[in-house]
Each structure stands twice: as structure tokens, then as C-alpha cells.
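Q: Could you take me through the side-chain contacts in this model, starting with the charged pairs and moving on to the rings? I'd like to follow them residue by residue.

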Amino acid sequence: MAVNILISGLISGSMYALLAIGFSLIFGVARIVNIAHTAFYMLAAYCIFFITEKMGLNPIIAMVTAVLLVTLLGLIVYMLFIKPIREHEAAVLIGTIALAIAMQEVMLLVFSGSFRSVPSLIDGYFPLLGVKVFYQQLLTFIVVLLTLAALWILLMKTKLGLAVRSTAEDREVANLMGMNESRVTMIAMGISVGLAALTGAVVVPLAIVSPFMWMDPLIIMMAVVVLGGLGSIKGSFIGAYMMGFAEALVVFLIPKGAFLKGPVALSVMILVLLIRPEGLFGVAFEEER
Amino acid sequence: MKKITFGGVVLVAVCLVMGMMTFPSWGADVIKVGVIGPMNFVQGKNHWNGALMAADEINSKGGIQVGNKKMKIELVKADSNEFLNITDATNAMQRIITRDKVDFIVGGFRSEAVLAMQDIAMDYKKIFIDCGAAAPELCQKVADDYGRYKYFFRGTPFNSHYLGKTCFIQMATVGAILKKALGIPQVKVAVVAEKAMWADPMIKAAQGLIPKMGMELAGVWRPSATATDVTAILSAIQSSHAQMIFTIFSASVGITFARQAGELKIPAVQVGINVEAQKDGFWEATQKKGDYVMQLDTYCQGVNYNDLTAHFVDGYVKRFGETPEYNAATYDAILYGLAPTIEQAGTLDADKIVSILEKRVYKNSAGTVKYMVDDKGRQTHDLTWGPGYETGIGAQWQNGKKMGVWPNHWVAAKGAPEVTYSGIVPYKIPPWVLEAYKK
């Protein structure tokens, strides 16, 4: 059972990490609470479904195309809908909720409410300490780790990363230091949506594609971000794995209560908000600029 | 005298056109049938397709004879959106009755939504034939308050009490096959039910009935209805050494479960309710891993309840390219339920039609309809279940094709004749299950 919990926790934690880091990144840089974040994940899943199942193209081509198209769409959405209202945080929050629902309704109209799926890149499973592990799960885990490593290098070892981190630290000062804050925000939005799309791309063979598939991850992602600290990338990473393991523990230790993983995530979120509102690695609200 | 302006003329013309669009076609020789369902989902699509086939068949013969005139059927589509919002369903019902002025209504899917829509239809004394919800409460209302609810009839499926009963009969049938084929003294059953209110009484019934049926209960697992990973549950089931998994699924978890169980080759057969497995798209949705899954079903191409089944099922497949689901019984409701009753009544008067319809015993594509009376002799407008009436079938995915496997020499009670529908094939045990228990 321990191996089961370990594998399940690592896979779910990695998926939540990708989603939460993207969400945290754009919040940290531009204070944009993008509720439509997981809706982009859903769009990427549909894009892959369409390219593989309807056009019959290679899944790898589908994944690359999906990430590029959805990232492009994210940038267009940012320019048209978010940028004009980004100084009003409440308006952004409400606007992105509306945006997510609009995306859901469009997918519902185009693809109907039927549940869909896409094939695994590698079929089958291998036994690991008596537990059957899908090759696709292993592949997903490796891709997530590589992506997280690439993101870490981008943020910590490049000039662009420095600009992003500086803007996240203090937007005004970064601007005064000569950084093009608007451009950095735009790039951060691209990376953020790109990460959501990539999550959709790597997870879709393990998931069920439906217009409502963005809702469950949104709740867990919000819980992860609150746990780790809003705007903290390190916090999101650690919070994601904590949540992934908590979820695995619930599923394995309480068979009759496997459905409780969502409520557990929400309870964690509420507890953290009550006890330590800034999360594990976030900035305390009163200390915020 | 004031000069009439161009703008004024346009305004009057627009008002006239809008008026023509808004007001019903009074006196027109059409019978308006409202088809209400979640139109963006497969259930609503089936509601509509079934109704469309019935309307076309009736209209191609000139319509329905009502007194001394022939009246054609005109369908009015209403999206209840009941999966997402029950208020949308009640609004849609209100709209088709008050604005579209429908004469009859068929459709509905979720019991919660149909309960709400039922009251609106009854307020307006409109005959409403439910083609989706299984809650017994819907027909209990007819018995308890006949004066108000007599306009409600169940079209499909039979009520959830009988759905459960049929599932347990199918479970016992497969249990007997397993016992013999695997050479085991007792079959161990794992119950896996999605977390939904409708599944709770079935779990309770399973816990009570499985030991009485001579089987052992291995445990109960409750994944979320939208779970995308059930490997944990499958591992636990494998560890429990269950040979049979009794599934109670209506949502997407039915796909996830079948796909992952098939991919991991869990040595246990699946029997029970899996709504997603009833759909032709199940094979693709499970990425061809859903073989050997067995579920309670209504239609399966090649399986005939009577001489009317093939005409409907084959016609549906030919026209829409897929096997109908039980919600497509709007076809039966209109063609075999409403149309002959209206002709017999010679009027569209709802009270007269109700008094004839509730007494009729008639064949449709899924068996024979006879509306039940309760133990106090009160009309319920619920469907009679059992051999000779409606029973449903058990279908199993075999080599990517849905095949009818139950009833196969089924004896409903001691001394009763055997029941086997034409087109039924033997049940197949997955090879990896046979392999796991090979001695």
C-alpha cells in the first residue's frame, strides 16, 4: 500500500505542481487571479482529442500543437480581456470566471457533453514492488519533472527569469530599474497558460475529456496555492506534493471515502487560511506592498 | 391627416411578424409534442432522435386521425440543461407549455429535474411521459394524488426498484457461470459505487443480498463520480481476491474504471450498472479496454424483445449511425403510446386520453406496456416489470461489440417458462480471469 500511496501521490502532486506553479507565477508577477487557468488545461485536452481522434494525427504532434495553440489563445485573451482590467483585481477575478464558463460552454456546443479519451503514448503497465504502474503514469511523471526543471532553470538562471522574479518581488521597483513590466507580465502570462496547456497535454491520456474537467483541478489547485502561499512558486511546488500525498492517503486508507479527496483539499485550504493566511511560503498580507 | 412615415411602417411590420412568430398556430391541424431533455448531452440527443423517428413515421402516413381530421405531429425541442441546472429544466418546461403551447410532453432524465418538471406539467394538465428518470416517487405521486398527477406516465426505464432487482438477477446469473468455470466454492463480490445519492440504496441492498445469494462480500468502494484514477481501488480489489465487481456507475468514472481495470487485467468480472457502457462510444472512450464489461441495458442491435424491436433499433442505427439508448424511447411514447390513444379518444382532451392510456396494454419496441396499480388498487402509471412485460437486457462488450447476454434461459420463478430473447449470445469470462484461476 505504501508504494501505491507513493506512486499515486507523486503523479497527482506533479500534475498539481504544474498547474499551481503557472497560476502562482501570473499572480506573483501581475496580481492576476486567473480562475480560467484550468479551463486552458481543458482546452488543451480537447485540442489533443481533436487532433488525434478526429484528424488521426500523431499524439506527439497533437501535444505540441495543443500547447502552442492554447498558449497563443492565452496571450490573445490576456491582451483583449485581462489587460484592460488588470488593475482591478475583483474585475479580473469575475472576468476570468466568466471566461472559464464561456470556454466550457463553447466546448459543450462543439463536442457535446459526451465523455472522451485519448490513447496512451505507451500502452501497458509494469509491476513495481507488487503494484501495477502504467507506463503512461511514469512518462507523465518524467515529463512533469523535466518541465519543472526547465522552469527552474528559466526562472533562476536566465535574465528573463530574473526579470520575472524581480517583477514578482516589487512591480514598481522593477519598473524603475528599467524592466519592461508590461512585457514581463505578458511573458509570464504566456508561461502560465503554457504550463496549464502542458499539464493538459501530459495528463490527458490518464484523464476523461469533458467540458467540465477544469472544475476539480481548479479546486485542488486553489488549495495548493493557498497552502504553499499565494504567489510563491516554491510554496506551490511543495504544496502540490503535500496535497497529492494527502489525496492518495485518503483514497488508500478510506476505501469507502475515496470521494472525500476534494473535501479534504478544501478543508486544508480553509484551515491554512484560518491559521496561517499567508500559507507556507507566502508573504503576509499586512507586509504586502 | 398625419403623414405615415417609413419608420412607422417598418415598426408595424416588425410587430406583425413578431406577433406571428409568438402566437401559436391556433386551429392548425398539428399536434405539438414537446421533447424535453439535456440536448447537449447524449441523453437529450436520444430523446430528440427517438421523437423525430416517431413523428416522421406518423407524418409519412398522413398523421394521426383525430375525430374526422388527420393531424400531423410537430415536435418542439426544449433543452432542459438538467445536468447543470434544474432551474433551466423547469424554465424550459414552462416555456414549451406557455409559449410553444405544446399538447403533450415526452423526455426528462434526472429524477431531481423530472420531479420539478412534473409539477409544472401537472399545473397545466399536460400529459408528460417520462423517458429517463427511474425514481419511484414520480409514480407514487400519481397513486397518492391521482386528481393532480394523473397526467404523468412512465415511459422508460422501469422504476429503480426493478432496475436493482434486474441487476441482482444478472449478478446471480454471472455468479453461477463463474463458480462453474473457475471451480470455486463461493464467489467473492466487490461492490464499487460512485458517490451519488441514487447509489446508496443499491449498496444497502447489495450488502444484504450478496450473502443471501450464496456469495461473499469482499468490500465496498466509493470513488467520486468523476474520478480519473481508480488504480488504488483496483489494487485493493485485486488484493481482496474478489472474482466479481458489482458496479454502480452513471457518470464518467464508469469509463475510467473499465479502462484501467481492462488495462491492468484485474482478475475479476464486471457486472451491474454502468451507464457509459451502454453507449456505442464506450469502446472508443475506454481506448478499446472495455471488453467483457457487462451492464444492464435496453437496446442492443440484434437482440429483439418482440417483432417491433428490430424495426426501431435497425432504423435508428441506419439513420443516426449508433445504437439507441433507453432515452430514445420517446419513439415508443409517441408512436405506440400517444398516437393510438389519441386516435381511440378522437380528441386531444387530456382527461379522455389519460383514461384510455392507463388501461391500455400494448407492445412497443422494448416489450409490452401495462401500467401498474398499487396494492391498494390505485393507478400508478408505472411500468409493469417481468417476463412478458418489460425486463431490459444484460449486455456485454465482446470483441468491441455490445452483445446481448441476458436473459438466457432465465426462469423468473419456479414453474415459470424460460425466457430468452432472440439474438442473445452466451456470456464470456475474460481470458485473464480464467487464467488467474487456472488450476
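A: Happy to: salt bridges come first, then rings, and then a look at chain A. The model is a predicted one, where local features need pLDDT of at least 70 and side-chain atom pairs count only at pLDDT 80 or more, while totals for chains, interfaces and linings use all residues. Residues are numbered from 1 along each chain as its sequence is written, chains are lettered from A and ligands numbered from 1 in the order in which they are written, and side-chain values use heavy atoms, leaving out hydrogens and water.

Over all chains there are 22 salt bridges (a side-chain nitrogen of Lys or Arg within 4 Å of a carboxyl oxygen of Asp or Glu). One of them pairs R95(B) with D100(B), with 3.1 Å between the closest N and O atoms. R95(B) is partly exposed at 28% relative accessibility, whereas D100(B) is buried at 13% (buried is under 20% relative accessible area, exposed over 50% and partly exposed in between, with a 1.4 Å probe and protein chains only).

Another salt bridge joins D307(B) to K363(B), where the closest N and O atoms are 2.7 Å apart. D307(B) sits in the loop between β11 (294–297) and α12 (309–320) of chain B and K363(B) in strand β12 (residues 361–364), so this pair ties together parts 56 residues apart in sequence (helices are DSSP runs of H or I with at least four residues and strands runs of E with at least two, numbered from the N terminus). Here D307(B) is exposed, with a relative accessible area of 58%, and K363(B) is partly exposed at 40%.

E435(B) and K438(B) also meet in a salt bridge, at 3.9 Å from N to O, and both of these residues are exposed. Salt bridges can share partners too: D119(B), D123(B), K141(B) and R148(B) are joined that way into one network.

R148(B) leads us to the rings. Its charged end sits over the ring of Y149(B), 5.1 Å from the ring centre (NZ of Lys or CZ of Arg within 6 Å of the centre and within 35 degrees of the ring normal). K265(B) likewise lies over the face of W432(B), 4.7 Å from the ring centre. Chain B also has an aromatic cluster made of Y299(B), F312(B), Y316(B), F320(B), Y331(B) and Y336(B).

Ring against ring, the structure holds 25 aromatic pairs over all chains (rings of Phe, Tyr and Trp, its six-membered ring, with centres within 6.5 Å; planes under 30 degrees apart are stacked, over 60 edge-to-face and the rest tilted). Y46(A) and F111(A) have ring centres 4.7 Å apart and planes at 25°, so they count as stacked. Y46(A) belongs to helix α2 (residues 37–54) and F111(A) to helix α4 (residues 89–111) of chain A, so the pair ties together parts 65 residues apart in sequence. Both Y46(A) and F111(A) are buried.

That brings us to chain A, whose secondary structure comes to 11 helices and two strands. Of its 289 residues, 54% are buried. The C-alpha trace of chain A spans about 55 × 45 × 35 Å along its principal axes. One more residue to find there is I254(A), which lies in the loop between α10 (233–253) and α11 (261–275) and is partly exposed, with a relative accessible area of 40%.
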